[in-house]
Amino acid sequence: MKKLFTITMALVAFSISAQNITFGAKAGLNFASMTGDDADGLDGRTSFHLGVTAEIEMSDTFSIQPELLYSGQGFTAENDVDEDYTTKVDYLNLPVMAKFYVADGFSLEAGPQIGFLLSADDNGEDVKDLLKSTDFALNLGAGYKLDSGLNFGLRYSMGLTDVPDADTDGFKHSVLQLSVGFNF
């Protein structure tokens with residue numbers, strides 16, 4: 001909690017010195033799965049993300065973009081009798097992205113993310129109590145912003161936390177996001 005408070009205070013300090021702050025909304029597709037030694041045989045789950053952004057311009061070529069996103073994650077697999085099932089894991093994610101504008105409107109971005117577990121459903125059964133309540137990830141991506149405020153993004157979120165609340169050898173989230181958004 002102290003780290004979250006420190007990050008929040010740092011963002012406030014940055015925003016005070018920032019030249020320009022724009023707020024926006026974004027939504028898009030998630031192509032989610034799990035990685036790790038124990039994740040063999042798991043397939044992806046297609047879902048969506050939706051949320052709000054604030055781009056804090058530090059210079060002409062550098063911005064900080066905190067976001068608040070609902071994110072549908074999880075995976076699909078086959079059980080012992082060859083029936084498909086889906087594990088749906090939903091988070092409230094808080095990424096803080098450093099955006100480097102390398103060309104007119106085109107940015108490369110990277111940053112940490114903390115996710116708070118909202119729900120977990122394994123083929124109709126609530127399994128939220130079996131998973132860790134927070135998830136940490138590292139995000140890498142690229143974006144393109146038009147002068148009108150319309151923007152597009154591609155981001156990969158690499159999970160850093162073992163998701164189950166038990167001793168396992170790797171079940172980490174892996175999410176590819178395609179987004180469209182608008183800055184006001």
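This is a short group-meeting talk on the chain shown above, from its overall layout to its salt bridges and a few single residues.

Hi everyone, thanks for coming. Please keep in mind that this is a predicted model.

Let's begin with the layout. The chain contains one helix and nine strands. If you walk along the sequence, the order reads α-β-β-β-β-β-β-β-β-β. The chain has 184 residues, and 41% of them count as buried. Its accessible surface is about 10100 Å², and carbon and sulfur atoms supply 61% of that. Now take the contacts between residues at least 6 apart in sequence: 58% of these join residues at least 24 apart.

That brings me to the salt bridges. How many does the structure hold? There are seven salt bridges, and I'd like to show you three of them.

The first on my list pairs K145 with E55, with 3.2 Å from N to O. These two partners come from distant parts of the chain, 90 residues apart: K145 sits in strand β7, residues 134-145, and E55 in strand β2, residues 45-57. Are the two buried or exposed? K145 is partly exposed, because its relative accessibility is 25%. E55 is at 4%, so it counts as buried.

Next up is R155 with E67, where the side chains meet at 2.9 Å, N to O. Here too the pair links distant parts of the chain, with R155 in strand β8 (residues 150-159) and E67 in strand β3 (residues 62-78), 88 residues apart. R155 has a relative accessible area of 4%, so we call it buried. E67 is buried as well, at 4% relative accessibility.

My third pair is D162 and K172, whose closest N and O atoms are 2.9 Å apart. D162 lies in the loop between β8 and β9, while K172 is in strand β9 itself (172-183), so this bridge ties together parts that are ten residues apart in sequence. K172 counts as partly exposed, because its relative accessibility is 24%.

One more point on this topic: K26, E67, E109 and R155 are joined into one network by salt bridges that share partners. You'll recognise E67 and R155 from the pair I showed a moment ago.

Now for a residue on the inside. S107 belongs to strand β5, which covers residues 106-122. S107 is at 2% relative accessibility, so it is buried. What is S107 in contact with, leaving aside neighbours within four places in sequence? The list is K99, F100, Y101, G141, A142 and G143.

Let's move to the loop between β5 and β6 (125-126), where we find N123. N123 has a phi near 55 degrees, which is a positive value in a residue other than glycine. With a relative accessible area of 53%, N123 counts as exposed, because the cut-off for that label is over 50%.

Finally, some charge on the surface. Which residues gather in a patch of negative charge there? They are D43, E78, E83 and D84. Let me pick out D84, which is found in strand β4, residues 84-103. D84 has a relative accessible area of 61%, so it is exposed.

To recap, we have one helix and nine strands, seven salt bridges, and a surface patch of negative charge that includes D84. Thanks for listening, and I'm happy to go back to any residue on the screen!

Definitions and conventions. Residues are numbered from 1 along each chain as its sequence is written. This is a predicted model: local features need pLDDT of at least 70, side-chain atom pairs count only at pLDDT 80 or more; totals for chains, interfaces and linings use all residues. Side-chain values use heavy atoms; hydrogens and water are left out. Patches are made of residues with over 30% relative accessible area and no salt bridge: like charges are joined within 9 Å, nonpolar side chains (Val, Leu, Ile, Met, Phe, Trp, Tyr) within 5 Å. Accessible areas come from the Shrake-Rupley method with a 1.4 Å probe; for residues, only the protein chains shown count as cover. A salt bridge is a side-chain nitrogen of Lys or Arg within 4 Å of a carboxyl oxygen of Asp or Glu. Lys and Arg count as positive and Asp and Glu as negative; His and the chain ends are not counted. The place of a charge is taken as NZ of Lys, CZ of Arg, CG of Asp or CD of Glu. Helices (H or I, at least four residues) and strands (E, at least two) are DSSP runs, numbered from the N terminus. Buried means under 20% relative accessible area, exposed over 50%, partly exposed in between (1.4 Å probe, protein chains only). Contact means heavy atoms within 4.5 Å.
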